[in-house]
Amino acid sequence: MNRYMQEKWAWVEGTHGSRLGLLESLSDADLAFTPGGQAMTLGALCREMGEVQQSYLTSLKTFTQDWDYRNHEAGLESSTARLKAWYQSLDSEMEAVLTAFSDEDLQKGIERPGGFSAPVEMQMDVYLQALLIFLGKASIYLRAMSKPLPGSMQEWIG
């Protein structure tokens with residue numbers, strides 16, 4: 001097992017767990033909530049997080065970050081079960097790809113937009129930050145809905 005999986009994967013796995021805990025605390029009707037203005041629905045925010053994860057997953061396979069992927073699956077944004085299944089599939093695939101890397105592979109650069117190259121480990125650190133930002137955004141939606149934070153989110157991000 002490579003160093004990343006031994007030392008850091010638990011952080012990603014725990015954050016994935018918080019994201020799943022969020023979905024488990026929501027109803028399908030909750031996904032239609034928007035705080036107003038030009039803000040997207042909670043379901044669209046959840047879809048967007050999956051698209052971000054797909055971009056990072058693809059970057060681990062191709063060593064190039066591409067932000068163009070969009071999931072156009074009809075009804076995805078309005079179904080907690082479908083979002084959860086999609087997230088779990090992405091999580092499993094990401095774990096498998098990372099597990100297959102050697103310690104040397106973790107130092108390979110991933111080309112990011114703007115000409116910046118990030119080693120795999122740094123790329124995953126940035127991905128983890130994207131997950132935490134998503135949970136922060138989701139917590140604002142929950143507070144606007146007068147819903148408590150799920151226990152997993154409360155424990156993970158406060």
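Arg-47 is buried, at a relative accessible area of 18%, and this residue makes a good entry point into the predicted model described here. The partner of Arg-47 is Glu-77, and the two form a salt bridge whose closest N and O atoms are 2.5 Å apart. Because Glu-77 sits in the loop between helix H3 (42–62) and H4 while Arg-47 belongs to helix H3, the pair ties together parts that are 30 residues apart in sequence. Glu-77 itself counts as partly exposed, with 30% relative accessibility. Arg-47, in contrast, falls under the 20% cut-off for a buried residue.

A further contact joins two helices. Lys-84 and Glu-24 form a salt bridge, with 2.6 Å between the closest N and O atoms. Here distant parts of the chain are linked: Lys-84 is in helix H4 (residues 80–100) and Glu-24 in helix H2 (residues 9–24), 60 residues apart. As for their surroundings, Lys-84 is partly exposed at 24% relative accessibility, whereas Glu-24 is exposed at 56%.

Glu-73 and Arg-82 make up another pair, their closest N and O atoms lying 2.8 Å apart in a salt bridge. Both partners can be reached from outside to some degree: Glu-73 is partly exposed at 37% relative accessibility, and Arg-82 is partly exposed as well, with a relative accessible area of 34%.

Charged residues also meet in a group. Arg-3, Asp-103 and Glu-121 are linked in a network of salt bridges. For the model, the count of salt bridges comes to eleven.

One member of this network, Glu-121, falls within the range of helix H5, which runs over residues 120–144. Helix H5 has 25 residues and reaches 36 Å from its first C-alpha to its last. That span is close to the 36 Å expected at 1.5 Å a residue. After H5 comes Ser-146, whose phi is positive, near 60°.

Not every notable surface feature carries charge. Trp-11, Leu-132, Trp-156 and Ile-157 form a nonpolar patch on the surface, and together these residues have about 380 Å² of accessible area. Within the patch, Trp-156 is found in helix H6 (residues 151–157). Trp-156 counts as partly exposed, at 35% relative accessibility, which is over the 30% that a patch residue needs.

Technical notes. Residues are numbered from 1 along each chain as its sequence is written. This is a predicted model: local features need pLDDT of at least 70, side-chain atom pairs count only at pLDDT 80 or more; totals for chains, interfaces and linings use all residues. Side-chain values use heavy atoms; hydrogens and water are left out. Helices (H or I, at least four residues) and strands (E, at least two) are DSSP runs, numbered from the N terminus. The expected span of a helix is 1.5 Å times one less than its number of residues. A salt bridge is a side-chain nitrogen of Lys or Arg within 4 Å of a carboxyl oxygen of Asp or Glu. Buried means under 20% relative accessible area, exposed over 50%, partly exposed in between (1.4 Å probe, protein chains only). Patches are made of residues with over 30% relative accessible area and no salt bridge: like charges are joined within 9 Å, nonpolar side chains (Val, Leu, Ile, Met, Phe, Trp, Tyr) within 5 Å. Accessible areas come from the Shrake-Rupley method with a 1.4 Å probe; for residues, only the protein chains shown count as cover.
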